[in-house]
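Open the model in your viewer and keep the sequence panel beside it. This tour goes from one selection to the next and says what is found at each stop.

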Amino acid sequence: MNPAGLPEQVRRAWAIAKKDIRLYYAKNSVLIFGILMPVFLFLAFFAGSSQLPLTFLFPGLVGVTLLFTATALSPAIYAWEGRHGTLERLVSCPITIEAMVFGDMIASILFGVGITLITVIIALAFGLPLLHGIILVVSILLAACCFSAIGMLLAAPPTSEPSTPMTLSLLIKFPLIFISGIFVPLSQLPSWGLALSACSPLTYFTDLVRYSFTGEHYFPVPADILILAVITLAFTAGTMYLHKRTMPKRM
Amino acid sequence: MNAIEAHHLRKSFGPVTAVSDVSITVREGEIFGFLGPNGAGKTTTTRMLNGVIPPDAGTAIILGHDIRSEPVLAKQGFGVVPETSNAYVDLTAWQNLLLMGELYGLARSRAVQRSSDLLATLGLLERKDQKVQAYSKGMKQRLVLAMALLHEPALLFLDEPTSGLDVQSTHRILSLLRDLNRQGTTIFLTTHNMDEANQLCHRVGIILAGKIVATDAPEKLKTAIEQVHTIEVSFDRDVSGDDLAALTGVTRAERTGDKWHITTPDKDATIRALVSFTEKNGTAIVTLNTLAPTLDEAFLRLTQEASP
């Protein structure tokens, strides 16, 4: 066994993920918040824009659900652990910072995918046809990786106050909803709005989900997937680099 | 091979220099005590050795691996017991131990076996499925010790492991440390407790204002600080103070009750002279003690001398 080798570090990252799920995600309050938050957002927009069909709104709901659940807790985990001294315990263990971050990402990916699948099932129950199941699965997995990387990116500034990254997280997530074609079709956005939406990974995910359910899309499907993959890789590399730099400042 | 080789470690936090120049060598199989007053740089040094914070300068080789360039390989070989328990309080003791098993790459069957053995040794087996938040301070400290020992480390870092614990927990932990050392585990013990350091440590290092001011065996440190030694001796009959004061090396002889306190710069020569004196005068020594300074006194003297 080479403790520093990739297989062993992946195994240890999985241990971190299991710990996160047990300690943070598998709590009733978190699960309920993860489901209720996007549902209430959806209902609010559904009631306020009755001219939009369910086939348009449900893909948006799937997008918001994944964004909110995959970033629900990850920004604050290091702040909590730093405050309780457990982060120092982890740092003194033979696991790299990258593997720790990867483990935290795995936990938020699993939580995000799990809750999002419930939303997909609800969409199917409302009679939406699933036209491109494989695209939907691929896009959910890809976007879950992307959003969890964003969540961990928000956790990078060293602080022992959990509310700081959570506030930052909300300040970023809510504007993303309004510029990503969730409740307003991209075709109806002004050119500056479209330019903004092109910067949001949620735009490409929602476009892919909409394609999976309705066959309609704004950007070419391969472009959606490619751009989402590139953003995911960039955010993942960025978050690992930043955590490696900021981790000693948490100690 | 040395278990720890640290050279010229330095660490500043903003304008404050916590450690200015620390070099430590800890031999394999040794219990090394790391002493110093509050704020001297003990914890910062230990954290640099643990790979928790990077030094601004200097190197630390732990069990043959540079803690900066090969942190995983170095950390795989040691365990850490912090002063304050940092087990996950929302997990049970058993879950905490299995998590450590996974983080150290132990096979599950091995982790289960080691966890059971350690919990039994440390008196926690019956409460292994209870969340740690319900544990007393002593139980938490014993659990953290078990977590540090799960992977059978060659080197153990302990920071005030018995601070604030009851006599039973203290005794249990110290006894385990002695056993571990007998089995070959190197121990790096940061402590304020001079008695503990005196009893346990083969060598101690004293840090003050971020610098090591002394490193030696406790007995040598104690005697090194005293240029003049005191010998307490009693005889089976009255002897003359003037006769005692005239013996080789004796600078002063004072009577205290039925004992004499003899001051000398050369203990060995004076004891030999006392033996000759009794033979010549037909008297016998009833008791003879060399009154060495305590490690407390040595610590205070060394830290006072080195204070700017």
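Helices here are DSSP runs of H or I with at least four residues, and strands are runs of E with at least two, both numbered from the N terminus. The model is a predicted one.

**Stop 1: chain A**

Select chain A and colour it by secondary structure. By that count, chain A contains 11 helices and zero strands. Along the sequence the pattern reads α-α-α-α-α-α-α-α-α-α-α. The radius of gyration of chain A is 18 Å, close to the 18 Å that the globule rule gives for 251 residues, so chain A is as compact as a globular protein of that length. Along the principal axes, the C-alpha atoms of chain A fill a box of roughly 55 × 35 × 30 Å.

Of the 251 residues in chain A, 49% are buried. Take the contacts in chain A between residues at least 6 apart in sequence: 82% of them join residues at least 24 apart.

Now recolour chain A by pLDDT. The average is 90, and 99% of the residues score at least 70. Which elements of chain A have the lowest and the highest mean pLDDT? Select residues 28–48 for the lowest, helix α2 of chain A, with a mean of 76. Select residues 133–154 for the highest, helix α7 of chain A, with a mean of 96.

**Stop 2: where chain A touches chain B**

Show both chains. Here 21 residues of chain A are in contact with 22 residues of chain B. On the chain A side, the elements that give two or more residues are α1 (6–25) and α5 (86–91) of chain A. The largest share of that side, six residues, comes from α1(A).

**Stop 3: the two domains of chain B**

Hide chain A and colour chain B in two parts. Domain 1 of chain B covers 2–216 and domain 2 covers 227–291. Taken over C-alpha atoms, the centres of these two domains of chain B are separated by 46 Å.

**Stop 4: helix α4 of chain B**

Select residues 108–121 of chain B, which form helix α4. At 1.5 Å a residue, the 14 residues of this helix should span 20 Å, and its end C-alpha atoms are 20 Å apart, which agrees. Show the side chains of Ala111(B), Ser115(B), Leu118(B) and Leu119(B), which are buried. Seen down the axis of α4(B), the buried residues fall within an arc of 95°, so they line one face of the helix. What covers them includes α3 (93–103) and α5 (137–149) of chain B. Just after α4(B), pick Gly123(B), which takes a positive phi of about 70°.

**Stop 5: helix α10 of chain B**

Move to residues 267–281 of chain B, helix α10. This helix has 15 residues and reaches 21 Å from its first C-alpha to its last, close to the 21 Å expected at 1.5 Å a residue. Which residues of α10(B) are buried? They are Thr270(B), Leu274(B) and Phe277(B). These cover an arc of only 60° around the axis, which puts them on the same side of α10(B). Add β11 (229–235), β13 (259–264) and β14 (285–291) of chain B to the selection, since the buried residues of α10(B) pack against these strands.

Then turn to the other side of α10(B), where Asp268(B), Val275(B), Ser276(B), Glu279(B) and Lys280(B) are exposed. Finish on Gly282(B), which follows α10(B) and has a positive phi near 65°.

Note on methods. Residues numbered from 1 in each chain as written. Chains lettered and ligands numbered in written order. Predicted model: local features only at pLDDT ≥ 70, side-chain atom pairs only at ≥ 80, totals over all residues. Domains from an automatic or database assignment. Expected span 1.5 Å × (residues − 1). Buried ≥ 20, exposed ≤ 12 C-beta atoms within 10 Å, placed from the backbone. Arc of directions from axis to C-beta. Contact = placed C-beta atoms within 7 Å. Rg over C-alpha atoms; globule rule 2.2 N^0.38 Å. pLDDT = per-residue confidence, 0-100.
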